Amino acid sequence: MVTVSYYCPRCETLAELERDAALRDKCVTPEPLDGWDYLPAYELDGEIDPQERADGVELVCGASESTDEGCGEPYYLSFIRFDNGEELDPRAGTVDVNFDFLK
């Protein structure tokens, strides 16, 4: 187990999580990624791999894992996800639109 630090994307308050060093972080965002499930930080127990339970962790700025009072808003640590050995792009829910027919 290692202590890993994250900053709130809104107010930059520091949060620290005790977790397995092998977890692969993708990003920290103020909003959850579409279609991803998040485990509340207070449910991290160090014994069960959080990547087997969720796609990331929901942190609340100023909660017990924070080093300061913070803004009180949730933010999201997302893990790297794979499907058939390929890393999933969290923006994959967006659709590219082609307007060539308007020419």
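In the next few minutes I will walk through the fold of this chain, then its sheet and core, and finally a few individual residues.

Please keep in mind throughout that what we are looking at is a predicted model. The chain contains 1 helix and 8 strands, and if you follow the sequence from its start, these elements come in the pattern β-β-β-β-α-β-β-β-β. Of the 103 residues in the chain, 31% are buried. The chain exposes about 6,900 Å², and carbon and sulfur atoms supply 45% of that area. If we take contacts between residues at least 6 apart in sequence, 47% of them join residues that are at least 24 apart.

Let me turn to the sheet. There is an open sheet of 4 strands, in the order β3-β6-β5-β4, and its pairing is mixed. The edges are formed by β3, residues 25-29, and β4, residues 38-40, and each of these has a single partner strand, so one side of each is left without a neighbour in the sheet. On average, and ignoring direction, neighbouring strands of this sheet are turned by 25° against each other. Strand β5, residues 56-60, and strand β6, residues 74-79, run antiparallel and are joined by 5 bridges, and within this pair Gly56 stands opposite Ser78 of β6.

That brings me to the core. The largest nonpolar core has 13 residues, and those with the most contacts inside it are Leu17, Val57, Leu59, Tyr75 and Leu77. At least two residues of this core come from each of β1, β2, β5 and β6, with β6 giving the largest share, 3 residues. In general, nonpolar side chains in soluble globular proteins tend to be buried together. What does Val57 contact, once its neighbours within four places in sequence are left aside? Its contacts include Leu17, Tyr75 and Leu77, and also Tyr38, Leu39 and Pro40.

Now to the hairpin at the start of the chain. Strands β1 and β2 run antiparallel and are joined by 6 bridges, and Tyr6 has Ala15 in β2 as its bridge partner. The hairpin has 6 residues between its strands, and one of the residues in this loop, Glu12, takes a positive phi near 65°, a positive value in a residue other than glycine. Are Glu12 and Thr13 buried or exposed? Glu12 is exposed, with a relative accessible area of 61%, whereas Thr13, which lies in the loop between β1 and β2 as well, is buried, with a relative accessible area of 9%. Not counting residues up to four places away in sequence, Thr13 touches several others, among them Tyr6, Cys61, Asp68 and Tyr75.

Last, the charged pairs, where the count comes to 2 salt bridges. In one of them the side chains of Arg10 and Glu31 meet at 3.4 Å, N to O. Arg10 lies in the loop between β1 and β2 and Glu31 in the loop between β3 and β4, so this pair ties together parts that are 21 residues apart in sequence. Arg10 counts as partly exposed, at 36% relative accessibility. The side chains of Arg53 and Glu43 also meet in a salt bridge, at 3.2 Å, N to O. Because Arg53 lies in helix α1, residues 50-53, and Glu43 in the loop between β4 and α1, this pair ties together parts that are 10 residues apart in sequence. Arg53 is partly exposed, with a relative accessible area of 38%, and Glu43 counts as partly exposed at 32%.

Methods: Residues are numbered from 1 along each chain as its sequence is written. This is a predicted model: local features need pLDDT of at least 70, side-chain atom pairs count only at pLDDT 80 or more; totals for chains, interfaces and linings use all residues. Side-chain values use heavy atoms; hydrogens and water are left out. Buried means under 20% relative accessible area, exposed over 50%, partly exposed in between (1.4 Å probe, protein chains only). Contact means heavy atoms within 4.5 Å. Accessible areas come from the Shrake-Rupley method with a 1.4 Å probe; for residues, only the protein chains shown count as cover. Two strands pair if DSSP finds at least two bridges between them. Axes are lines fitted to C-alpha atoms, for helices over the stretch in contact, and angles run from 0 to 180 degrees between N-to-C directions. A nonpolar core is a set of buried Ala, Val, Leu, Ile, Met, Phe, Trp, Tyr and Cys residues joined through side-chain atoms within 4.5 Å. A salt bridge is a side-chain nitrogen of Lys or Arg within 4 Å of a carboxyl oxygen of Asp or Glu.
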